[in-house]
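Please open the model in your viewer and set it to a cartoon representation. The tour below proceeds by selection, one stop at a time.

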Amino acid sequence: MTALDLSSPVAVVGTGTMGQGIAQVALTAGHPVRLYDAVPGRARDAAGAIGARLDRLVEKGRLAGDDRDAARARLTPVDGLAELADCGLVVEAVVERLDVKQRLFTELEEFVTEDCLLATNTSSLSVTAVGGALRHPGRFVGLHFFNPAPLLPLVEVVSGFATDVTSATRAYETARAWGKTPVACADTPGFIVNRIARPFYAEAFAVYEAQAADPATIDAVLRESGGFRMGAFELTDLIGQDVNESVTHSVWRSFFQDARFTPSLAQRRLVESGRLGRKSGRGWYDYADGAERPEPHTADKEQPPAYVVAEGGLGPAAELLGLIREAGIGIRQEDEDNGTRLVLPGGGQLVLADGQISAEFRDVVYFDLALDYRTATRIALSAAQDTSPRTLAEATGLFQALGKDVSVIGDVPGMIVARTVARIIDLAHDAVAKGVATEEDVDTAMRLGVNYPLGPFEWDRALGREFAFEVLDEMHERDPAGRYAPSLALYRHAYANDHREGTA
């Protein structure tokens, strides 16, 4: 099945930000485009706004003047659904209400031909439910663009329960012909991106609710150690706290209040107070003119230890050994399979975050996971109240000698980056095991849809197959309500080809 022919008109119903963006994508790809909005005059206003954006592209040298003129000639605002009768594809981008969308598509069926592809841009509703009222639901798909649609490459092509394979394939190939990167997805709450991204926000909020760190520190650790482009607090301020919370609640309710998707009480209070982020002038941060951005907690300078004893190869943190040597700090190596700790001169231990807490051990400081310990500019440490000041000082001085800022946070299991990445990996394995998408499409979706530095499966391979499972298993032991229970898919992955005594 090939992409929709360029001679076939494309209609966009709903002319808000997303509708205009989708129309611009189809228009610049070469299709005739019809714009319809239920509010009189809005389609014509949208056509004018799209034309103005095309003008700006010409000014910036990104579009030829002749191509702009041709695109404008192909753009037509219409006053009624009957004027969409000859369209080969209709994409809906109206309000996120099931009844409104269902009514729209049942009305559309009265006018369009039976081979017209119908698509919804919904980000939170069930594609199956939206198409369930149609006489011919096989031609109905989800085409979930990301905002701004002309710039962001990802499109989730969602097959509802009744979607024909030929319809999904045509939608996929059409998105690709438009210069987008499509990923195929089954109809599941949140699709790929909004399902698997939930822990990025949820775990940051959980660390904050546990009073282990403030938003500025958590954001800095996620960026400067985890490699994420933005921290969870600044990103939700950009998205809008009400929008982000609404998606979280939608996914949570759709999964029958699964503990893994539990919303944040702290975010609820923020929304209730009207602090919605940048658009309201205040969210987690204050955006008023002259307001100072809070600085992350950064530890005072400490002396580095003269040497450390490395027990094993440090697992995912193995790169630290080379950095320590380069800093002129001696390393005494002790063989230990899968060791992930350093012994400091004072006898205290420095251990990679593993889902346990410092209070359970004598004189232990945990250090957080980093995307790349060489390029990371900040490392988080956590210690119990009775951890010796010497051990914390030596641990701090060690990382400072490696050129890192150090943030000391409260004694929480999994710290910040480790728990976040482990949960993202777990949800990714669970989604693939349940037929939501392929591993390749999940990685593509998370890199392009939310700008993750690595896809979940890429990260999993880099960390080793047992890392995410062991972090979550330890966290689940300390919080057995279900939020951190590793999925069966992750369990199988962690212990695949395990021939230890007692296994078959």
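Begin by selecting residues 389-401, which form helix α14 in this predicted model. Helix α14 lies across β9, β11, β12 (349-352), β13, β14 (378-383) and β15. Its direction is at about 170 degrees to that of β14.

Next, display the strands themselves. They belong to an open sheet of 7 strands with mixed pairing, in the order β10-β9-β11-β12-β13-β14-β15. To find the edges, select 330-334 for β10 and 405-409 for β15; each of these strands pairs on one side only. From one strand to the next, the twist averages 30 degrees.

Now select residues 307-311, strand β9, together with β10: the two pair in the parallel sense over 5 bridges. Within this pair, show Ala310, which stands opposite Gln333 in β10.

Then select residues 319-326 for helix α13, which lies across β9, β10, β11 (341-343) and β13 (364-367). Helix α13 runs at about 145 degrees to β10.

For the final stop, show the side chains of Cys87 and Cys116. Why is the sulfur of Cys87 not in a bond with that of Cys116? The sulfur of Cys116 is the closest cysteine sulfur to that of Cys87, yet the distance is 6.5 Å, too far for a bond; a disulfide would require the sulfur atoms to be within 2.5 Å. Cys116 is likewise in no disulfide, and a search of the whole structure finds 0 disulfides. Cys87 counts as buried, at 2% relative accessibility, and Cys116 also counts as buried, at 1%.

Key: Residues numbered from 1 in each chain as written. Predicted model: local features only at pLDDT ≥ 70, side-chain atom pairs only at ≥ 80, totals over all residues. Heavy atoms only, no water. Pairing = 2+ DSSP bridges. Helix = DSSP H or I, 4+ residues; strand = E, 2+ residues; numbered from the N terminus. Axes fitted to C-alpha atoms, helices over the stretch in contact; angles between N-to-C directions. Contact = heavy atoms within 4.5 Å. Buried < 20%, exposed > 50% of the residue type's maximum accessible area, 1.4 Å probe, protein only.
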